[in-house]
Amino acid sequence: EAVTVSFKGQTVKAVPYDMPITGYNNDVVNTLRIWDAEAIVDFQLDSFDRGDYHKAVEQENLAKNIVEVLYPNDNHYAGKELRLKQQYFFVSASVQRAVDRYKSMNNGDVKNIYKKVTFQLNDTHPTVAVAELMRILLDEENLGWNEAWDITTKCCAYTNHTIMAEALEKWPIDLFSRLLPRIYQIIQEI
């Protein structure tokens with residue numbers, strides 16, 4: 001099932017696609033979930049009728065940009081913004097889906113999710129998952145801070161493969177706080 005992911009001023013639909021990954025000589029098939037991004041509003045006929053053809057497909061193009069090329073060059077502001085959108089998009093869609101799936105199998109309750117769900121964060125790219133899980137538990141599940149934090153710390157595991165500065169993600173605060181204001185608030189509180 002699709003979920004929605006919101007950035008400041010833009011909401012996109014995350015559409016899952018599952019690919020079977022077969023094991024070698026072991027009769028095991030695992031599932032790799034990949035995500036596509038789709039615009040909530042695909043085509044704006046009124047903009048097209050006014051002759052603003054770029055505006056007519058703007059939301060569709062913005063959504064597709066998120067998934068077209070991973071790890072864009074981020075030595076300029078637009079590249080940094082797209083890269084942050086990508087990282088949040090994939091993390092948010094995956095965390096939302098995991099929480100939804102757990103809830104559907106546990107009568108809507110998330111309080112014991114840590115007993116069945118672990119988010120393994122390899123290096124710094126997916127670490128926004130900590131704040132995203134907190135956002136879901138606080139804002140959507142209406143848990144208190146301490147309970148949400150306790151669940152989050154039990155669900156998230158981190159592995160750092162390098163300490164090279166170029167491998168450690170850093171985001172300009174103005175970009176991060178503008179694009180993901182609620183996530184930024186949670187990170188400040190953490």
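Helices H5 and H6 are oblique to each other, in what is a predicted model. Their axes come within 9 Å and cross at roughly 140°. The structure holds zero disulfides. Two residues other than glycine, Asp27 and Tyr71, have a positive phi. The notes below also cover the surroundings of Thr124, a residue in the loop between strand E4 and H5.

**Packing of H5 and H6**

- Two packed helices are described by the angle between their axes and the distance between the axes.
- H5 spans residues 128-140 and H6 spans residues 145-155.
- The angle of roughly 140° falls short of the range over 145 degrees that counts as roughly antiparallel, and so the pair is classed as oblique.
- The crossing of these two helices is right-handed.
- On the H5 side, the contact is made by Val130, Leu133, Met134, Leu137 and Leu138.
- Their partners in H6 are Trp145, Ala148, Trp149, Ile151, Thr152 and Cys155.
- By class, this contact has 10 nonpolar residues, one polar residue and no charged ones.

**Cysteines**

- A disulfide is a covalent bond between the sulfur atoms of two cysteines.
- Cys155, one of the H6 residues that meet H5, has its closest cysteine sulfur in Cys156, at 6.2 Å.
- That separation is too far for a bond, because a disulfide needs the two sulfur atoms within 2.5 Å.
- Seen from Cys156, the closest cysteine sulfur is likewise that of Cys155.
- Cys155 counts as buried because its relative accessibility is 0%.
- Cys156 has a relative accessibility of 18% and therefore also counts as buried, the limit being under 20%.

**Positive phi angles**

- Most residues other than glycine have a negative phi.
- Asp27 has a phi of about 55° and sits in the loop between strand E2 (10-22) and strand E3 (29-39).
- With 83% relative accessibility, Asp27 counts as exposed.
- Tyr71 has a phi near 55°.
- The loop that holds Tyr71 runs between helix H3 (58-68) and helix H4 (77-105).

**Surroundings of Thr124**

- The strand before the loop of Thr124, E4, covers residues 119-122.
- Thr124 counts as buried, because its relative accessibility is 13%.
- Leaving aside neighbours within four places in sequence, Thr124 is in contact with Tyr158, Ala167, Leu168 and Glu169.
- Thr124 and Asn160 are 36 residues apart in sequence, while their C-alpha atoms are 7.5 Å apart in space.

Definitions and conventions: Residues numbered from 1 in each chain as written. Predicted model: local features only at pLDDT ≥ 70, side-chain atom pairs only at ≥ 80, totals over all residues. Heavy atoms only, no water. Axes fitted to C-alpha atoms, helices over the stretch in contact; angles between N-to-C directions. Helix = DSSP H or I, 4+ residues; strand = E, 2+ residues; numbered from the N terminus. Parallel < 35°, antiparallel > 145°, perpendicular 65-115°, else oblique. Left-handed = near helix turned anticlockwise from the far one by under 90°. Contact = heavy atoms within 4.5 Å. Nonpolar A, V, L, I, M, F, W, Y, C, P; charged D, E, K, R; others polar. Buried < 20%, exposed > 50% of the residue type's maximum accessible area, 1.4 Å probe, protein only.
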